Amino acid sequence: MKKSIASVMTAATLAAVMGITSCGNKSGNVETGKTGRPRVTFMLVDYEGSPLTGEHAKEVVDKMTEYTNTDVEFTFVANDSYNEKMGLALASPDDMPMVMNVGSIKLGIVDAANAGAFWDLNDFIWDSEKFPNLSKANKEVCKSLTIGGKLIGIYKARDIGRYGMGYRKDWAEKLGLSEPKTIEDVYNMMYAFTYKDPDGNGLQDTYGLAMCKYTGPFDIIQAWFGAGNGWTEQNGRLIPIHQTKEYKEALDWMKKMYEDGLIAPDWAVRDTATWADQVKKGEAGMFIDVMDGSRRIWDYFVNNNVPSVVDASKPAEMALVGPINGKTLATSGYNGFLVVTKAAKTKAQVEACLHYIDKMCDNDMLLLASYGLKDINYEIDADGYLVDTDAKDPSAAKAYSALNQTQCFIPSKNTKPSPKQTDRKMKELEVIRNNEQYAVFNPAISYLANSEAYATQGAILDQLLSDARTQYICGQIDEKGLQSAFDKWNKQGGEAVINEVNKQHQENMKK
């Protein structure tokens, strides 16, 4: 067991470890620590207690400091009070750090952005000579962090093409079905998996698609129909997708899927926690959600020796599919972001912050923040794969893991070397990468965050649409009832949301 420092490292202690003073010198409009390096301050989340502590913490920090040529002062705030402290910092410019970790765009962040608390990073990050990593940021994802025409943050990348479908490959092979490419293909496979005895037991005891009360799969299916992702643009105006004909076509298709018995009749009350079990146990043959969900089902087949219905000497397989009809749903493309505040008082100081963030996207720093120190926290095996030797001692990761909050994983989160992956995981990653070119984004994300009507009524409005969709699919309401729900959505704030979103959209188009 590796030895850890028992005491919690405070911000002041951390500054001492890193050779940083709380009040640096200024050289060429860049604030510097006593080492003469540019000085940057961060506010980050303390998720587990005692970040950047342990036997090798100083060595980790020293390596980071030397590589980035930046003295960094971290203030860690407990997770349960982070948002409160962030709000206080934004209200008091003198207390703001230069860089803050932000979980999501909420009204407080939007208000701060509109008040000028953050730098417009469009003026900086697209310079590929200064920022070779950050300049590769996805501009569609950046739109989600654009407020009033200004890019207020650098996103922490997550897979854009993560959504898709998996299906029992051995069931399809038994029934002579090829990989589905169109919506009709998907329906035909669901029907065959329900009624053509794919498991060969002579009983009609299977369903085409695994479903539960979580209705995310319906969002993916709607994208296949061309409805869009939450919102879509028509004739220069943004509208919620329930106002499109493609949305109604998707609903009618899903209603038929339910009426034809291709999903369990009690799907709407089935627990999300046991959702994947429907496929694992052979009750259903298709799974629509994140690609890693289907891959984990495949892992289950292999790890538990679930036999293929075609060749019992081999485990069952899941085929992983991305776009249908040339479309798939995009994720937001990020999981949190970093803002550069006006505590960085000059452009030179902003560039110092961005230089550090850019360098932390380099492979050496991805390795450091993800796996720690070579030959201490990880090793390289004879085949060149990374072996995480901290796996049996999670506390050892405290020496380095908090650094990943300063990383944006642009252009990639993959390290070289990396741990050895199974063929199943490699297939998942291949499909996710291919999906990106077909992924449909939500064009209204940042506008919704800046909508007062959505801030007050958004949760109610979203639930109203979700309930109406489920009720229509299950035959509890007809087309008249569906339209009644849409009318209610308009009156309860939906029209106001549309107007506020489009006002921002038009203003943004002018910039």
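These legends walk through several close-ups of a predicted model.

**Figure 1. The whole chain, before we zoom in.** The predicted chain is built from 17 helices and 19 strands. Measured out along its principal axes, the C-alpha trace spans about 75 × 60 × 40 Å. The "measured out" there is loose wording, as that span is computed from the predicted model like everything else here. A compact globule of 511 residues would have a radius of gyration near 24 Å, and the chain comes in at 25 Å, so the two agree. Buried residues account for 51% of the 511 residues. Take the contacts between residues at least 6 apart in sequence: 76% of them join residues at least 24 apart.

**Figure 2. R39 and E73, a salt bridge between two strands.** This pair is one place to start among the 26 salt bridges in the structure. The closest N and O atoms of R39 and E73 sit 3.0 Å apart. R39 belongs to strand β3 (residues 39-46) and E73 to strand β4 (residues 71-78), which puts the partners 34 residues apart and makes this a link between distant parts of the chain. Are the two ends buried or exposed? R39 is buried, with a relative accessible area of 6%, and E73 is buried too, at 15%.

**Figure 3. D159 and K413, a salt bridge between two loops.** Here the side chains of D159 and K413 come together with an N to O distance of 3.5 Å. D159 is in the loop between β8 (154-157) and β9 (163-168), while K413 is in the loop between β18 (386-388) and α14 (423-435), so the salt bridge ties together parts of the chain 254 residues apart in sequence. Both ends are partly exposed: D159 has a relative accessibility of 24%, and K413 has a relative accessible area of 43%.

**Figure 4. R168 and D170, a buried pair.** The side chains of R168 and D170 meet in a salt bridge, 2.8 Å from N to O. R168 is buried, and D170 is buried as well.

**Figure 5. A salt-bridge network, seen from E428.** Which residues are linked in this network of salt bridges? The members are R295, D299, R424, K425 and E428. E428 sits in helix α14 and is buried, with a relative accessible area of 3%. Setting aside neighbours within four places in sequence, E428 is in contact with M291, D292, R295 and L320. R295 therefore turns up twice in this view, once as a member of the salt-bridge network and once among the contacts of E428.

**Figure 6. An open sheet of five strands.** Reading across the sheet, the strand order is β4-β3-β5-β16-β8, with mixed pairing. β4 and β8 are the edge strands; each has a single partner strand, so one side of each is left without a neighbour in the sheet. From one strand to the next, the twist averages 25 degrees. Two of these strands have already appeared: β3 carries R39 and β4 carries E73.

**Figure 7. β16 and its partner strands.** On one side, β16 (residues 334-340) pairs with β5 (residues 99-102) in the antiparallel sense over 4 bridges. Which residue in β16 is the bridge partner of V99? That partner is V340. β16 also pairs with β8, again in the antiparallel sense, over 3 bridges. In that pairing, I154 stands opposite L338 of β16. The strand is mostly covered, with 6 of its 7 residues buried. As background for this view, strands of a sheet pair through backbone hydrogen bonds, either parallel or antiparallel.

**Figure 8. Two cysteines, no disulfide.** How many disulfides does the structure hold? The count is 0. For C212, the closest cysteine sulfur is the one in C474, and at 13 Å it is too far for a bond. Looking back from C474, the closest cysteine sulfur is in C212, again 13 Å away and too far for a bond. C212 is buried at 0% relative accessibility, and C474 is buried with a relative accessible area of 16%.

How values were computed. Residues numbered from 1 in each chain as written. Predicted model: local features only at pLDDT ≥ 70, side-chain atom pairs only at ≥ 80, totals over all residues. Heavy atoms only, no water. Salt bridge = Lys/Arg side-chain N within 4 Å of Asp/Glu carboxyl O. Buried < 20%, exposed > 50% of the residue type's maximum accessible area, 1.4 Å probe, protein only. Pairing = 2+ DSSP bridges. Axes fitted to C-alpha atoms, helices over the stretch in contact; angles between N-to-C directions. Disulfide = S-S within 2.5 Å. Contact = heavy atoms within 4.5 Å. Rg over C-alpha atoms; globule rule 2.2 N^0.38 Å.
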